[in-house]
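Work through the following exercises with the sequence and the coordinates side by side. Each task is followed by a solution that proceeds step by step.

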Amino acid sequence: MSLQKKSKITIADILNKKKNKEKITMLTSYDYSISRICNQTDLDMVLIGDSAATVMMGYDSTRKIGMTEMLTFCKGVVNAITRQVVVADMPFGSYQLGKSISIKNAFKFLRCGCDAVKLEGGSEIVDIIKNMTELGIPVMGHIGLKPQTTPLHHGYVSQGKTAEEAIILLNEARALEKAGVFSIVLEKVTSEVASVITDNINVPIIGIGCGPHVDGQVLVIHDMLGLYKDFEPKFVKKYLNLSDQIFDAINAYETEVKSGKFPQEEHMYHMTDEEFTKLEKILKRV
Ligand code: KIV
């Protein structure tokens, strides 16, 4: 792990990557310790996703997380990240209640130290996004499968399976681009449609479950580390099996404490012999 300090990646750098046909990388992170590791890598962006609802809080839906919890996760992340563009997901209900409330909530994330906010939705929220981008708030869009709303009506099914659906998605991406987003997350969309959208939109398209023909990729870090086993979608590649490793480590600790194998000499602190003799004399007196 290199400790060399690298310069901060900017939103302009992200836009240039699309122009230069360089792939963009993003992962979610929700706390200080993991974000410190991300900060040592060449990852481009870190997303404090509202997936925190499930992987950090154990809720059964991303609709259940609120501003206070999201801002707490953001604080841990921004205290660690000096390199990547930090994007915060605006939780369900924080940007649907009118212009001033959504802008006020977006500013809370920027004031916390995040570089941008992400909002789930297409044509139904372009006016809200436009209000934000006109005020200089960097916004990332999110269309395709929208976990805050899609599963209610359709379940976690892939999007863009018909030509009609493809045109709707392309028009949504166009509307977001016009509203001033600097990039768009496209979730669980067929590879063919993801490719068409990527070729027809000027801002970077960051795919999750959309195949390789997009400008960049994002995954939930718990999924790619194999830390969260309740949800294992086909589009995730597991780079580690961390939950098994943690399970083994906890069992080893438990066994070693009970058998007396831990702690050993290297884990202890000692008094000098002189002080210990002194202590023994005092103890005899009392
Ligand atoms: O909340 C999240 O983690 C996300 C990613 C899946 C893109 O929105």
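A residue is called buried when its relative accessible area is under 20%, exposed when that area is over 50%, and partly exposed in between, with a 1.4 Å probe and protein chains only. This is a predicted model, in which local features need pLDDT of at least 70 and side-chain atom pairs count only at pLDDT 80 or more, while totals for chains, interfaces and linings use all residues. Residues are numbered from 1 along each chain as its sequence is written, and side-chain values use heavy atoms, with hydrogens and water left out.

**Exercise 1. Determine whether serine 102 is buried or exposed, and describe its surroundings.**

Step 1. Serine 102 belongs to helix 5, which spans residues 99-112; helices (H or I, at least four residues) and strands (E, at least two) are DSSP runs, numbered from the N terminus.

Step 2. Because its relative accessible area is 2%, serine 102 is buried.

Step 3. With contact taken as heavy atoms within 4.5 Å, and with residues up to four places away in sequence not counted, serine 102 touches Met90, Ser94, Tyr95, Ile128 and Met132.

**Exercise 2. Describe how helix 5 and helix 6 cross.**

Step 1. The axes are lines fitted to C-alpha atoms, for helices over the stretch in contact, and the angles run from 0 to 180 degrees between N-to-C directions. On that basis the axes of helix 5 and helix 6 (residues 126-134) come within 10 Å and cross at roughly 55°.

Step 2. Helix 5 is therefore oblique to helix 6, given that angles under 35 degrees count as roughly parallel, over 145 as roughly antiparallel, 65 to 115 as roughly perpendicular and the rest as oblique.

Step 3. The crossing of the two helices is right-handed; a crossing has this hand if the near helix is turned clockwise from the far one by less than a right angle, and is left-handed if anticlockwise.

Step 4. On the helix 5 side the residues that meet the partner are Lys99, Ser102, Ile103 and Ala106, and on the helix 6 side they are Ile128, Asn131 and Met132. Asparagine 131, taken alone and not counting residues up to four places away in sequence, touches Lys99 and Ile103.

**Exercise 3. Which residues of helix 9 are buried, and how does this helix pack against helix 8?**

Step 1. In helix 9 (residues 191-200), the buried residues are Val193, Ala194, Ser195, Ile197 and Thr198.

Step 2. The cover over these buried residues includes helix 1 (11-19), helix 8 (163-179), strand 6 (183-187) and strand 7 (205-208).

Step 3. Helix 8 and helix 9 have axes 10 Å apart and pack at an angle of about 30°, so the two helices are roughly parallel to each other. Helix 8 contributes Ala166, Leu169, Leu170, Ala173 and Arg174 to the contact, and helix 9 contributes Val193, Val196, Ile197 and Asn200.

**Exercise 4. Which residues have the most contacts inside the largest nonpolar core?**

Step 1. A nonpolar core is a set of buried Ala, Val, Leu, Ile, Met, Phe, Trp, Tyr and Cys residues joined through side-chain atoms within 4.5 Å.

Step 2. The largest such core has 77 residues, and those with the most contacts inside it are Met45, Phe109, Val117, Leu119, Met132, Ile184 and Ile197. Helix 4 (residues 67-78) supplies the largest share of this core, seven residues.

Step 3. Leaving aside neighbours within four places in sequence, phenylalanine 109 is in contact with residues including Met67, Met70, Leu71 and Cys74.

**Exercise 5. Characterise the setting of isoleucine 14.**

Step 1. Isoleucine 14 lies in helix 1 and counts as buried because its relative accessibility is 0%.

Step 2. Apart from its neighbours within four places in sequence, isoleucine 14 is in contact with Ile9, Ile24, Asp44, Met45, Val85 and Pro204.

**Exercise 6. Locate the backbone features at lysine 21, lysine 188 and proline 263.**

Step 1. Lysine 21, although not a glycine, has a positive phi of about 55°; this residue sits in the loop between helix 1 and strand 1 (24-28), and at 78% relative accessibility it counts as exposed.

Step 2. Lysine 188 also has a positive phi, near 50°, and lies in the loop between strand 6 and helix 9.

Step 3. Phenylalanine 262 and proline 263 are joined by a cis peptide bond with omega of about 0°, and proline 263 lies in the loop between helix 11 (242-259) and helix 12 (273-285).
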